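Let's take a walk through this model, looking at its open spaces and then at its cysteines. Have the sequence and the 3D view handy as you read.

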Amino acid sequence: MDTLSYKTISANKETAKKEWVVIDATDQVVGRLASKVAKLLRGKYKPNFTPHCDCGDNVIIINAAKVVFTGKKETDKVYTRYTGYPGGQRFNTPAELRTKKDGIEKMLRHAVKGMLPKGILGRSLQNNLFIYEGTEHKHEAQKPKAIDINQYK
């Protein structure tokens, strides 16, 4: 038997086949959407997935304003941030963030960020995520393909 045929192929930045995908977030649950988006950003749905490199897709989320939370999370969940000054701890609920500028984008980015690896790779993968509250986006030149996120597990 030829042992060279059993070579493990590891993807790298040059050999990774990155695609652009569009996801419609209308009536999607935030956490479930975020976990599927994190897998797309990592490239876990691809057969040549390599854990240590960026081989995932560029993801565009449209209609982000129409995402939902289950249960009473819309009013009871609390996002905490810190300004850096003494007594500078600030708290927001998702209902308050929806009224602020870029609040929905911050909610989705926070959810996806927690599901990506920590470190340099995770921070670079976050740059492949684009979130828009409406149906319009500025990435038509990349010819993104629309996918149904409900087909993924």
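What volume does the second largest pocket have? About 180 Å³. Before we go on, note that this is a predicted model: local features need pLDDT of at least 70 and side-chain atom pairs count only at pLDDT 80 or more, while totals for chains, interfaces and linings use all residues. Residues are numbered from 1 along each chain as its sequence is written, and side-chain values use heavy atoms, with hydrogens and water left out.

A quick word on terms. On a 1 Å grid over the protein atoms alone, a pocket is an open set of points with protein on both sides within 12 Å along at least five of seven lines, a cavity is a set of points where a 1.4 Å probe fits but cannot get out, and lining residues have an atom within 4 Å of a point. Grid points are joined across faces, edges and corners, and a volume is the space filled by probe spheres set on them.

Back to the second largest pocket: 13 residues line it, and V30, G31, F69, K73 and K77 sit closest to its centre. Helix 1 (30-42) and helix 4 are the elements that give two or more residues to this lining. Helices here are DSSP runs of H or I with at least four residues, strands are E runs with at least two, and both are numbered from the N terminus.

Helix 4 turns up again in the largest pocket, which has a volume of about 290 Å³. Strand 3 (79-82) and helix 4 each give two or more residues to the lining of the largest pocket, with helix 4 providing the largest share, four residues. Among the lining residues are Y79, R81, K106 and H110.

Now for the enclosed space. There's one cavity of 30 Å³ or more, with a volume of about 30 Å³. Its lining consists of R109, V112, K113, L116, Q126 and L129. Helix 4 (residues 103-113) again gives the largest share, three residues. R109 also lines the largest pocket.

Finally, the cysteines. The whole structure has zero disulfides (pairs of cysteine sulfur atoms within 2.5 Å). C53 is in none, and its nearest cysteine sulfur, that of C55, is 4.4 Å away. Why no bond for C55? Because the closest cysteine sulfur, in C53, is too far away at 4.4 Å. C53 counts as buried (under 20% relative accessible area, with a 1.4 Å probe and protein chains only; over 50% is exposed, and in between is partly exposed) at 11%. C55 is buried too, at 1%.
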